[in-house]
Amino acid sequence: MSAPSSVLEVPVLEVRGIAKRYGATVALSDVSFVLNPGEVCGLLGENGAGKSTLVKALSGVVVPDAGELFLGGAAYRPRDRNEARRQGVATAFQELSLVTTLSVAVNLFLPDPAVNRAGLVAWRRLEQEAARVLAAHGIGDIDPAIPVGELPLGQRQRLEIVRAMFRRPRLLLLDEPTAALSDREWLFDLVGNTVAGGTAVLYISHKLDEIRRLCRRCVILRNGRKVLDRTVADMSDDEIFRNMAGRSVVERFVAAPSAVRPEAAPALRASHLLGEGVEDISFAVMPGEILGVAGLEGHGQSRLFKSLVGLHPLRGGRLELAGVTRTLRPARSPRAARAAGLVLVPEERKSEAIFNDLTTIANISLPMIERASSLHFLNRRRERALVERVIEDVDLPGHFLPLGIAALSGGNQQKAVLARALVARARCLLLFDPTRGVDVGAKQSIYRMMRAFVRDGGAILFYSTELDELVHLCDRCLVLYRNRVAGELQGAALSQELLLSLAAGQATRDAPGLAGPVAGPV
Amino acid sequence: MSALFERLRVAGGPAIAVVLYVLLFLVYASREASAFSVFGITNLLNDTVVLAVATAGLTLVVLAGEFDLSGIGVIAIANVVVATTSTGSAGWIGALVAVLAIGAVVGLLNGWLVAGLGLQSLAATIGTMIACEGVALMILAAPGGEVADVIANGLTGDIGGVLPVAAVIIAGVLVLWFLFARTRAGIGIYAVGSDENAARLSGVNARRTKLVAFVLSGMAYGLAGYLLSAETGSGDPRASNTFLLFMYAAVAIGGTSLMGGRGGVLGSVFGAGILTVMQKMLFALGAASFYTNVFSGMIMLIAIFVGNISTFLPRLQRRRAA
């Protein structure tokens, strides 16, 4: 191989055909791209598109299954964080990698704070050094001696960024660096300084204006694959959002007439819900309606769903369930909510929904087990009859019932979880991303079950990370941004592009085709 | 001033343990005339030092976010090894080297099981504890043996009639701790125990850190067994059987979080001191022995409760101010 004629021609990073799967889920598949010195490249994609996995692979946190990485032309196979760091790859993680009980100064210099000749860390010198580093990055208001846990989130994010930046890495990965940042200009200036020194930056963000501001080029991932690698200026916002959202060929949606019963009382009405991470949220779901909820990761959707069944404390607001004349002060427990006909299908199937060591039938019948018992002894035949009524609705084959649920595929497990919600005779289902990690066939079954449920007069609040599901299944869709309802879309305005731009905090409320945010009780 | 306060608080603030210790000691001293004499203090510290050293070791593993029940097994082995070898040609130095090595090996085994193989530390160290107790019985099946006089007398006496040897040992352990807490490994233990994932993402080698914690704690148990031999003057493979819960109680009373990442050895040493002085106090008050346990339990609950208040209060105040 001939030597490169100029140093500048050697890319800082070359990614060749990298792939990573977790069990049955493909997180990354055959992703290749190149980063040049002094370049800021944007990395875009929806939730679950594989951005975080790519960052982790480059940072040495996960080892890819296939493909090769080259750093400055040399093969790069980091087995842990430290190896990546030593080779000049620094990362500001989205989830922040600061140890909250240690001081700012110690965190800044982890894992190898400067020591004196006796091998001891000199606190005072370390703190002075930390203050100097922070000041050099425009931070004068953080005391290096206090524990990180006492800093507000925005300050922690700044610290995380400075920690990745101050050692002048060859490659800097910034994963959603502005999620908790109020002063974005501060970051933009720093990124400018960093690339001036020849560092290459991979900038992961949902926010298009930041990408336009900082990046000349951007790479878009969808379902773990690279779908686009182009100059940002050549593309319109629409084009970028369309590429991010995409539409996979295999998933088809059968159009169905809306089953909304507008004359009835709302099945679930939330007024001015207020709590930590829930900012004044109001909405109403009618019987027969599927009300969608869209939002990028961490914009309050998880807390909203949990607060509706009492798993997340609320400070204020009212929750009313139709058919039940009494007004629930935000339900105090999932059990109370269930008794009132409100059932949550939670986010984490493995840890929150299934009982891994029980049989499938026991998993389904659990909430209604008294009804299948006489004198507190379980009657197997009655249990079976109770369960068989609902497994048809979710297309769960009966021969799975006696098996341990751990032996089932993710899709069938999810069907069992939904069957459990049906067995409890829910009137209003709260489905939190029910199709995550399930196969295409199971997705279709879940869609059918949802349609049948609302046709019979039920109501569904439906959060999904897959925007096409929201567009095709929902009658209306709320979009959450920064823990608030940023807007509500319905009819022709309910499109993936608009959902995504609203969820990214882009579109303004008075954009054409947009209903304003629902204010007050409907 | 406030920075100093912050640092004290972050360092684990064994202040409550110190206050409790002083209170209990004063009650004890009011009934026991010899409490303030060199003889009385030597006596008290001799009763404290074994638990204090063992607890200091346990604290390292607890700070790293793991459990370690193997301590009493190591103490048992060390005790019978000293009782069977210290009068031989290797002498007191040979026995000391032997018990430290034994502790290090058991710690290495624990560390390998937990950090290397990823086993749950509670289960793994129950296994090594039982195995160690078995080994101790193999070496010395029944109480007996003989501890060299140089150990039995040298470690339980005083220096020049003013300074108890046990005080020197405890001070030595504390000095070693304060030095260790300022090394990278010491900081790593806090980081890993506080948030293993964040520590790992920050580049801390979590496995090696835990291994270091287990090995150092094993050596401390070995030393504790050596000191126990000096106190009792003989070997007894079951002498340490009652220690385990007291070790954990001392760690908790001293303000170290059993979840890891918060606390320190200074608090644990005072925790061990509290458990010891309390027994003396109750004895001096003439309380029946079964009250001791009731009292120990109550002291532990008070210490944990007060300890939690002191970590919650500043947070509450800040929230109100915000």
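# A tour of chains B and A

Select first, in helix α4(B), the residues B:Gly71, B:Val74, B:Ile75, B:Ile77, B:Ala78, B:Asn79, B:Val82 and B:Ala83, which meet B:Gly218, B:Tyr221, B:Gly222, B:Ala224, B:Gly225, B:Tyr226, B:Leu228 and B:Ser229 of helix α11(B). Two residues are in contact if their C-beta atoms, placed from the backbone, lie within 7 Å. Helices (H or I, at least four residues) and strands (E, at least two) are DSSP runs, numbered from the N terminus.

The model is predicted: local features need pLDDT of at least 70, side-chain atom pairs count only at pLDDT 80 or more, and totals for chains, interfaces and linings use all residues. Residues are numbered from 1 along each chain as its sequence is written, while chains are lettered from A and ligands numbered from 1 in the order in which they are written.

## Chain B: helix α4 and its partners

Two packed helices are described by the angle between their axes and the distance between the axes. Display residues 71–85 of chain B for α4(B) and residues 206–232 of chain B for α11(B): the two axes come within 7 Å and cross at roughly 45 degrees. That angle makes α4(B) oblique to α11(B). Axes are lines fitted to C-alpha atoms, for helices over the stretch in contact, and angles run from 0 to 180 degrees between N-to-C directions. Angles under 35 degrees count as roughly parallel, over 145 as roughly antiparallel, 65 to 115 as roughly perpendicular, and the rest as oblique.

The crossing of α4(B) and α11(B) is right-handed. A crossing is right-handed if the near helix is turned clockwise from the far one by less than a right angle, and left-handed if anticlockwise.

Next, add residues 243–253 of chain B, helix α12(B), which packs with α4(B) at an angle of about 125 degrees, the axes being 9 Å apart. This pair is oblique. B:Gly71, B:Ile72 and B:Ile75 of α4(B) make the contact with B:Phe243, B:Leu244 and B:Met247 of α12(B). Here too the crossing is right-handed.

How many of the 15 residues of α4(B) are buried? The count is 14, so α4(B) is mostly covered. A residue is buried if 20 or more other C-beta atoms lie within 10 Å of its own, exposed if 12 or fewer, and partly exposed in between, with C-beta atoms placed from the backbone. The end C-alpha atoms of α4(B) are 21 Å apart, in agreement with the 21 Å that its 15 residues should span at 1.5 Å a residue; the expected span is 1.5 Å times one less than the number of residues.

## Chain B: helices α3 and α13

Move to residues 38–63 of chain B, helix α3(B), and residues 265–285 of chain B, helix α13(B), whose axes come within 8 Å and cross at roughly 145 degrees. This crossing is right-handed. Among the residues of α3(B) that meet α13(B) are B:Leu44, B:Leu51 and B:Thr59, and those on the α13(B) side include B:Val265, B:Gly273 and B:Lys280.

## Chain B: helix α2

Select B:Ile16, B:Ala17, B:Leu20, B:Tyr21, B:Leu24, B:Phe25 and B:Tyr28, the buried residues of α2(B). Viewed down the helix axis, they fall within an arc of 160 degrees, so they line one face of α2(B); the arc is that of the directions from the helix axis to the C-beta atoms. Then rotate to the face turned away from the buried side, where B:Leu26 and B:Ser30 are exposed.

## Chain A: loops

Turn now to chain A and the loop between β7 (171–175) and α6 (184–196), where A:Ala179 is placed. With 20 C-beta neighbours inside 10 Å, A:Ala179 counts as buried. Which residues beyond four places in sequence does A:Ala179 contact? They are A:Gln94, A:Gln157 and A:Gly298. The C-alpha atoms of A:Ala179 and A:Gly298 are 8.9 Å apart, with the two positions 119 residues apart in sequence numbering.

A:Asp183 is in the loop between β7 and α6 as well, and is exposed, with 12 other C-beta atoms within 10 Å.

Most residues other than glycine have a negative phi, and most peptide bonds are trans. Three places to select next:

- A:Leu110 and A:Pro111 are joined by a cis peptide bond, with omega about 0 degrees; A:Pro111 is in the loop between α3 (104–109) and α4 (123–136) of chain A.
- A:Asp395 has a positive phi, near 60 degrees, and lies in the loop between α13 (380–391) and α14 (410–423) of chain A. It counts as partly exposed, with 17 C-beta neighbours inside 10 Å.
- A:Asn483 has a positive phi of about 70 degrees, sits in the loop between β21 (476–481) and β22 (484–490) of chain A, and counts as buried with 20 C-beta neighbours inside 10 Å.
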